[in-house]
Amino acid sequence: MKCEDGYTRGDPWVVPVRKYSFWGWLLMSSGISHPPNQVNIECDKCGFVFETISERKELLKYL
Ligand SMILES: [Zn+2]
């Protein structure tokens, strides 16, 4: 799978983007670590989403 820039997973442009709920964001901004609601593995340049992670045990890796 490639994005329109020709990047694949493993390229430095392909990064995990953490999505927080309002409360999760609030906890994070108070310095309390909280797993994101969802993590998208996406291209930082074009925003192509390679994978969407929503399983809680996987999300805990992105604290
Ligand atoms: Zn791209």
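Start by selecting His34: it is partly exposed, because 16 other C-beta atoms lie within 10 Å, a count that falls between the 12 or fewer of an exposed residue and the 20 or more of a buried one. Keep in mind as you click around that this is a predicted model.

Stay on His34 for a moment. You'll find this residue in the loop between helix H1 (22-29) and S2. Which residues does it touch once you leave aside its neighbours within four places in sequence? Highlight Gly24, Leu27 and Met28, and you have the contacts of His34. Now add Tyr62 to the selection and draw a distance between the C-alpha atoms: His34 and Tyr62 are 28 residues apart along the chain, and the separation comes to 9.1 Å.

Next stop, H1. Select residues 22-29 and colour them by burial. How many of the 8 residues are buried? The number is 0, so H1 lies largely in the open. Then step on to Gly31, which follows H1, and check its backbone: phi is positive there, near 85°.

Now for the sheet. Show the strands as cartoon and you'll see 3 of them in an open sheet, ordered S1-S2-S3, with antiparallel pairing. Which strands sit at the edges? Those are S1 (14-19) and S3 (49-53), each of which pairs on one side only. On average, neighbouring strands here are turned by 20° against each other, if you ignore direction.

As a reminder of what holds such an arrangement together, strands of a sheet pair through backbone hydrogen bonds, either parallel or antiparallel.

Zoom in on S1 and strand S2 (residues 38-43): these two run antiparallel and are joined by 6 bridges. For one concrete spot to look at, pick Val14 and look across to Cys43 in S2, which stands opposite.

Time to zoom out. Reading from the N terminus, the elements of the chain go β-α-β-β-α, which adds up to 2 helices and 3 strands. Turn on the C-alpha trace and line up the principal axes: the chain spans about 40 × 20 × 15 Å along them.

What share of the chain's 63 residues counts as buried? Just run the burial colouring over the whole chain: the figure is 5%. Finally, pull up a contact map and keep the pairs at least 6 apart in sequence; among those contacts, 43% join residues at least 24 apart.

Notes:
Residues numbered from 1 in each chain as written. Predicted model: local features only at pLDDT ≥ 70, side-chain atom pairs only at ≥ 80, totals over all residues. Pairing = 2+ DSSP bridges. Helix = DSSP H or I, 4+ residues; strand = E, 2+ residues; numbered from the N terminus. Axes fitted to C-alpha atoms, helices over the stretch in contact; angles between N-to-C directions. Contact = placed C-beta atoms within 7 Å.
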